[in-house]
Amino acid sequence: MNLWILSLNLRREYKLVHWGIGTSSGNGLHQTKNSISRIRDLLTRFSDAQVLYSSFALPLFSSVVRKKTYIANNTVLSKLSQDFSTHEKDSVLFIGALNSRKGLEVLLEAFSKLLLKQPGRLKKLVLIGDGPMRSRLERMAEDLGIKENIRFVGNIDSEEDKIGYYRSAAISVSPYQAGLSVLECFSYGVPFIAFKNAISGGEHLNIVSGETGYLINSKDELVERLLDIDNQHSLAQKLGENAFKHYRSKRTMGNMVDSFFQAFDFAVNR
């Protein structure tokens, strides 16, 4: 209701800038116009400017709204960012809360199948984070016979303490949710795999299949991509290099802040 009140207050003495995804993200982003998108467009007409996480939702807005819309691609501040794509790799990485929305059971099953195919170097799965599914995942690892190959690190808040894990990770995987961890991994030259319909605020759009990682459609495809990364060292390195370049050239915090400045300038001067 705050958005309605702030937007429809025609006597306001403040400038109002809307900021958000611009569409529903609960079941993957979509570009289908519906009653909610029309209401969102109506409310935004009363704002002084709009900032979106990505350009994905632009088609949902009228031409009037698009003229005052700026794109501030969602990202993270990575103070220690460096390219680890050429380092020796021995692991698959996951970063985030261990909950049911992430598809972690799918990840463990895929990693188990990878181990059955006797991988050359990717023999560890590192999970950074904690949550309600941890004990369940630990039991699952034991049932699959891969307990010794999985490391539950727990929460790590310090960027310095994560460095070693980025250095040794050939790929990061989060099957059903692709959020800011995509950009965090990119900032260290670690490519990313997620399902095409992963829950996302638009961060998954940074994943270009075959360039900065892979957007996949099935569990079997996840296993195939992990095998590709394991068997083709040059492919893994190239994906990591591309991911790092993408972050440093287009997704630094400075890039995001510049777009906000442009939106604020437009709002103030209109």
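**Helices, sheets and a pocket**

Analyst: In this predicted model, helices H8 and H9 are roughly perpendicular to each other. Local features need pLDDT of at least 70, side-chain atom pairs count only at pLDDT 80 or more, and totals for chains, interfaces and linings use all residues. Residues are numbered from 1 along each chain as its sequence is written, and side-chain values use heavy atoms, with hydrogens and water left out.

User: Why are H8 and H9 called roughly perpendicular?

Analyst: The axes of H8 (residues 219-231) and H9 (residues 233-250) cross at roughly 100° and come within 5 Å. Angles of 65 to 115 degrees count as roughly perpendicular, so the term applies to H8 and H9. The axes are lines fitted to C-alpha atoms over the stretch in contact, and angles run from 0 to 180 degrees between N-to-C directions.

User: Which residues of H8 and H9 meet?

Analyst: From H8, Asp-228, Ile-229, Asp-230 and Asn-231 meet His-233, Leu-235, Ala-236 and Leu-239 of H9; contact means heavy atoms within 4.5 Å. By class, this contact has four nonpolar, two polar and two charged residues. Asp, Glu, Lys and Arg count as charged; Ala, Val, Leu, Ile, Met, Phe, Trp, Tyr, Cys and Pro as nonpolar; the others, Gly among them, as polar.

User: What makes E6 and E9 edge strands?

Analyst: Strand E6 (150-154) and strand E9 (213-216) each pair on one side only. They belong to an open sheet of six strands in the order E6-E5-E4-E7-E8-E9, with parallel pairing. The twist there averages 20° from one strand to the next.

User: How do you know that E4 and E7 pair?

Analyst: Two strands pair if DSSP finds at least two bridges between them. E4 (residues 91-95) and E7 (residues 169-173) have three bridges, in the parallel sense, so they pass. Ser-91 stands opposite Ala-169 in E7.

User: What lies across this part of the model?

Analyst: Helix H4 (residues 104-116) lies across E4, E5, E6, E7 and E8, running at about 165° to E5.

User: What order do E1, E2 and E3 take?

Analyst: They form an open sheet in the order E1-E2-E3, and the pairing is parallel. Three bridges join E2 (residues 49-52) to E3, and Leu-52 stands opposite Ile-71 in E3.

User: What makes the residues around the largest pocket lining residues?

Analyst: Lining residues have an atom within 4 Å of a point of a pocket, an open set on a 1 Å grid where a 1.4 Å probe fits, with protein on both sides within 12 Å along at least five of seven lines. Here 16 residues line the largest pocket, and Leu-205, Asn-206, Val-208, His-246 and Arg-251 lie nearest its centre. The lining divides into four nonpolar, nine polar and three charged residues.

Definitions and conventions: Helices (H or I, at least four residues) and strands (E, at least two) are DSSP runs, numbered from the N terminus. Angles under 35 degrees count as roughly parallel, over 145 as roughly antiparallel, 65 to 115 as roughly perpendicular and the rest as oblique.
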